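Good morning, and thank you for coming. Please look at the structure on the screen while I take you through it.

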Amino acid sequence: MAVLDIVLHPAPVLRAEAKPVTLFDATLSRLAADMIETMYDAPGRGLAAPQVGLPLRVFVTDVDWREGDPAPKIFVNPEITDASDETVLREEGCLSIPDTPCRVRRPARIGLKWQDLTGLGHEAAFDGVEATCIQHELDHLNGILCIDRHEEETE
């Protein structure tokens, strides 16, 4: 495994729509392992392939590793299948836009379908910080950054 260089805003790859993964092989597995190592090294809770310069529909997450044991998740070709009407406003950070926290409103719960490293399909529901992290990383695959969704504080 290797720690990859994280691409910084305004690199064009961060604004491009990522391409679906069609080849489920050792190269994809190595990429995912390197992305996980890079995420932990950064340290972050999620990392999308465009953030390491590859316009592919892959991201990794691990929202609890700082508080417990590492339990990384790999999402290939993810799609949101359902989103709650209830929303939550959270502060988000982005490894590609260091030191620039954003307040972003997102659905509190989502349904997601994705493939694993073998191409096998999965579906699950996510809520809390994990739902926020998944939506943030999925935005990266669509060329959207948290600064695009930032909400100013209003009193």
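I shall speak about the sheet, the helices, the salt bridges and the largest pocket, in that order. Please keep in mind throughout that this is a predicted model.

Let us begin with the sheet. In what order do its strands lie? The open sheet has five strands, arranged as β1-β2-β3-β6-β7, and their pairing is antiparallel. At the edges are β1, residues 46–48, and β7, residues 121–127, each of which pairs on one side only. From one strand to the next, the twist averages 40°.

I should like to look at one pair within this sheet. Strand β3 covers residues 73–83 and strand β6 covers residues 109–115; five bridges hold this antiparallel pair. If you wish to find the pairing on the screen, look for Ile80, which stands opposite Leu112 in β6.

Next, the helices. Which strands does helix α1 touch? Helix α1, residues 26–41, packs on the sheet and touches β1, β2 and β3. The direction of α1 makes about 40° with that of β2, which is residues 58–61. Helix α2, residues 128–141, lies across β1, β2, β3, β6 and β7, and runs at about 155° to β2.

A second antiparallel pairing is that of β4 with β5, joined by seven bridges. The connection from β4 to β5 is a hairpin through two residues. Within this pair, Glu92 stands opposite Cys102 in β5. Please remember Glu92, as I shall return to this residue.

I now turn to the salt bridges. How many are there in the model? The count comes to eight salt bridges, and I shall describe three of them.

In one, the side chains of Glu130 and Lys73 meet, at 2.5 Å from N to O. Glu130 belongs to helix α2 and Lys73 to strand β3, so this pair links distant parts of the chain, 57 residues apart. Lys73 is partly exposed, its relative accessible area being 35%.

Another joins the side chains of Arg105 and Glu151, at 3.4 Å from N to O. Here the partners are 46 residues apart: Arg105 is in strand β5, residues 97–107, and Glu151 is in the segment after α3, which is residues 146–149. Are these partners buried or exposed? Arg105 has a relative accessible area of 39% and is partly exposed; Glu151, at 28%, also counts as partly exposed.

My last example is Arg106 with Asp139, whose closest N and O atoms are 3.0 Å apart. Arg106 lies in strand β5 and Asp139 lies in helix α2, so the pair ties together parts that are 33 residues apart in sequence. Both Arg106 and Asp139 are buried. Salt bridges with shared partners join Arg106 and Asp139 with Glu92 and Arg149 in one network.

This brings me to the largest pocket. Its volume is about 480 Å³. Which residues lie nearest the centre of the largest pocket? Among the 22 residues that line it, those nearest its centre are Arg45, Arg66, Glu92, Gly93 and Cys94. The elements that give two or more residues to this lining are β4, residues 87–94, together with β5 and α2.

To close, I return to Glu92, as promised. Glu92 stands opposite Cys102 in β5, belongs to the salt-bridge network, and is one of the residues nearest the centre of the largest pocket. Thank you for your attention.

Conventions: Residues are numbered from 1 along each chain as its sequence is written. This is a predicted model: local features need pLDDT of at least 70, side-chain atom pairs count only at pLDDT 80 or more; totals for chains, interfaces and linings use all residues. Side-chain values use heavy atoms; hydrogens and water are left out. Two strands pair if DSSP finds at least two bridges between them. Helices (H or I, at least four residues) and strands (E, at least two) are DSSP runs, numbered from the N terminus. Axes are lines fitted to C-alpha atoms, for helices over the stretch in contact, and angles run from 0 to 180 degrees between N-to-C directions. Contact means heavy atoms within 4.5 Å. A salt bridge is a side-chain nitrogen of Lys or Arg within 4 Å of a carboxyl oxygen of Asp or Glu. Buried means under 20% relative accessible area, exposed over 50%, partly exposed in between (1.4 Å probe, protein chains only). On a 1 Å grid over the protein atoms alone, a cavity is a set of points where a 1.4 Å probe fits but cannot get out, and a pocket is an open set with protein on both sides within 12 Å along at least five of seven lines; lining residues have an atom within 4 Å of a point. Grid points are joined across faces, edges and corners, and a volume is the space filled by probe spheres set on the points.
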